[in-house]
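Reader: Could you walk me through the model shown here? I would like to talk about its cysteines and one of its sheets.

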Amino acid sequence: MTRILSLSEADFFSGITPLANHTKVVRRLVFSLVALIWCAGPSSADDSEKAAFFETKIRPVLVEYCYPCHSGDAGDVQGKLWLDSKPGWEKGGESGPAIRPGNVEESLLIHAIRRSDKDVAMPPDQELPASVVQDFVTWIQQGAFDPRLDAKIVTKSHVEQRELTDRERWVFSSPAKPAVPTVKNADWPQNSIDYFILSKLEAAQLTPASKASPEHLVRRLHFDLTGLPPSPDEVKAFVLAAKVDYQKATSALIDDLLSRPTYGEKWGRYWLDCVRYADSLDARSNGKPGDILDAWRYRDWVVKALNQDLPYNQFVRHQIAGDLLAKQEWNPDLVVATGMYAIGNWGNGDSDKKKVYTDIVDDQIDVTGRAFLGLTLSCARCHDHKFDPISTADYYALSGFFFSSHIIDQFSHPTAGEKLMRIPLLSPEELLQRDQIQTKLKDVEQQLSNGLKPLHRRKDNVAGKPDLVAWDRPENGNPSVTVNRSSESVSFSTITLPGKSACVHPGPSEVVTVVWRSPVAGDVQVDAFLSDADGNCGDGVQCTLLSLDQTYADHTLVNAAKKAEMKVTIAVEPAQLIRLRIAPRAEYTCDSTQVELKVRHAASGQEWRLTGALLDDAQAQQVDKGSFIVCAGDAPLLNQDDAKQAVLLAQQKELKAQLTEFDQCQGLQDGGVPGSEYEGFHDAAIHVRGNYRRLAAVQRRGVPEVFKSEIPPLEGSGRLALADWIASPTHPLTARVQVNRLWQHHFGRGIVATPNNFGVLGTPPSHPELLDWLSTTFVEKGWSLKEMHRMICMSAAYQQSSFSDDEGFQGDVDNNLFSRQTRRKLTAEELRDSLLLSTSQLDRTVGGMSTSDLASGRRTLYLRTIRSDRTTYQLLFDGADPTSIVEQRIDSIVAPQALWLLNDPFVLKQASELSKRFSAVDSSSIVQKLERFYLQLYGRTPTEGEMEAISNYITRNGDSQASWTKICHSLICSNEFMFID
């Protein structure tokens, strides 16, 4: 295997003066990475993902709209074009091939479904939705993957008519613990795992790679278990201990790393990949009610569960049915765990709410199948699974569990997107207590709202203006009334109030009412004059003239309106009230309204004016002395019992104080969507071709027939029974799938290389006996993930070097036999976190809301992931696609990654901070500085050549901060920093 050049070999031993011109170093690094890109070549597409796209997006449309005229069952095949097989469309019909993979514009099928030519428009009587046309465009652009290699049309369910293959029998049968094989080289194995590995190697006449050096192993273990590099002191300590007892030192290090909080953060990210984790759906709705506001709580639950080594079977049960388990014994974490189903990726905003709900259920079945069972269950939504023994009936038997559950508490208006419900993280007792407090509070507030409440708290010198006087209530600043007693206009805030005038302002929850109490009997003429006193903002007010229970006039005073008048005649008795009510419209701010109310007695000619009363200290806001009074609220009677009001206000304050804020989460709850036809618990009918408008037989809730399993009688939705079945120690797949994931992340490849697909389109296991041994051992050890990490990391197989001799490499090119360890590139999280740790900038706080600041010191796990944003740092460095259930990240080496390392301000800052950190240490010795640099970044000390080259550079260019920063930047940009051996 070719060794990657070190800094000294690549830069200092060239003919260029080392680091004399930093631009030359940068240019050389770019060229080096471009060469790596060329050598690496394009990565092969994931056939299982393409197959899933074909089965869910393409085949159902072909079957429903094309097969009637273009299949083997069509009789007279139109245009001699068969669309029921790949050979059919490759051959084409009378007009030639229908599809040209990779070339959309030359594909006749696209022209037909786009209906660009009415003579060949297809389907002939119906236009396909634009989204469906786009699916076909995407399919052809990606190469038109099509597994239908013959034209046979199956009319009977293939699930019913065929026998299981040997591989399928293995997949769908409970694993039995196999005997550990015997091997010739009995000295190599360190635990039972090694016997299975060595047995295969010896059968292929291969030998394992040598043991990894302590320097390589300590760096590998730190990254594999915590996602962070070891410190220089940790490297030195392990290397010394390993020289005494390699295995004892390794065991102690593994125990230490598994006990650190960083373990849960590292391995929690792997699980989040599998469940399409995101912090937000869309940048435009980030933090708004329709967003996944509490996704971070689910992320933190995953990290916490792994750090506590929650048994994996409970980890499964909590996510599928945590809300139901919480009813048995309250624990808020159980409810948070169901957030896995709330963060789904389904089309929101569709006006067809039934389609939305079926898409939600499909997403939930898909993540359940792929994450827990390694099966593509959702491929049976529209038809029997074309490869695996999963029927459409099986799919809808499973769907009943999720149609009987909900993540939204009501459907939105057809023109709006759905809003995920937020679940209070309160125990039943706390909820009951809160309900009781709210009932008491409602009663107190009802009593407070009874009657008109005079504004009796006086404020002089309002806004520092000696001529402004105002009245309000002690409990609120609004409603209020303000009077300008001078003859000149007075401006305050955004309001200008003319001389000898008054304005009123409603409150956030109460109207403001001008009241006249009649001292006479007979007809009175009422004139109300109104204008907007604050036309710079607001949305106007609603003005109403009332007496007793009758409305006499109603007027909308729009924003900035200069004048409005209401004139009515009302017959009154002594003490009868006439009320001018001013109410806010959409909201109450900027609703200051200049008002004058004039009342004239028809018989006597006597007249009363509001402003006159407010300007007279003897009667202004004096209930027992004047005819006018401005009040909060509106009612036919005055409430003048201030003592009682004070008691009620004190009670209101005390009750509100008891209603403390509480945490909420988004997750799954039992019962279909309330207020809809899905409400309650029920089985689901088969949706023919996935269409809810075409229903067939109802399927009793249950599990796929191929498992030959019965679940106990269902309670509620039945999700707890489903969870118990999946988490059963005898389940054929649950333990296998999870230990395969552990193996994958420790060796770079799973025993089954397609961790989310153990089915026919997945990759057969390279070591089925080992996988069965691991899965049964996993259950025996109480489903402990940490115990499995210990076992795997203590194996000789794991501790191999990633380097192999030519014979071993040629005999196992793809490392399918695990004849060596796999060199891997740092993940996006590991790269950024390593830079932060090397400069002591890493914030080790565990959990909390995500941040969008790339320059933040938080671990990359806590950088905000927005599902619609395709331009993030994480995706640049092959982070998990938040729109997908990711089984294994892609591994690319592309120029933009090199450019980011060379130019991004974040990297440049870390290079500068790194040089500052180590320049302050051992300042008298360049050698000691370099040792610290190399141990921190590479986990080893520099070679003599590297030491000499850098020392010469420092001698020529000066022992300055700038020189050390350039050295640090070059070290960061090297392959050795980016890769783990």
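Reader: Is the disulfide of Cys537 and Cys590 left-handed or right-handed?

Author: Happy to help! This is a predicted model, where local features need pLDDT of at least 70, side-chain atom pairs count only at pLDDT 80 or more, and totals for chains, interfaces and linings use all residues. Residues are numbered from 1 along each chain as its sequence is written, and side-chain values use heavy atoms, leaving out hydrogens and water. A disulfide here is a pair of cysteine sulfur atoms within 2.5 Å, and those of Cys537 and Cys590 are 1.8 Å apart. The torsion about their S-S bond is about -90°, so the disulfide is left-handed.

Reader: Which cysteine sulfur is closest to that of Cys973?

Author: Cys973 is buried, at 7% relative accessibility (buried means under 20% relative accessible area, exposed over 50%, partly exposed in between, with a 1.4 Å probe and protein chains only). Its closest cysteine sulfur is 11 Å away, too far for a bond, and belongs to Cys968.

Reader: Which strands stand at the edges of the six-stranded open sheet?

Author: Strands are DSSP runs (E, at least two residues; helices are H or I, at least four), numbered from the N terminus, and two strands pair if DSSP finds at least two bridges between them. The order is β3-β18-β10-β15-β12-β13, with antiparallel pairing. Each edge strand has a single partner, so one side of it is left without a neighbour in the sheet; these strands are β3 and β13.

Reader: Which residue of β15 is the bridge partner of Val515?

Author: Strand β10 (residues 512-517) runs antiparallel to β15, joined by six bridges. On the β12 side, Leu546 has Arg579 as its bridge partner. For Val515, the partner in β15 is also Arg579.
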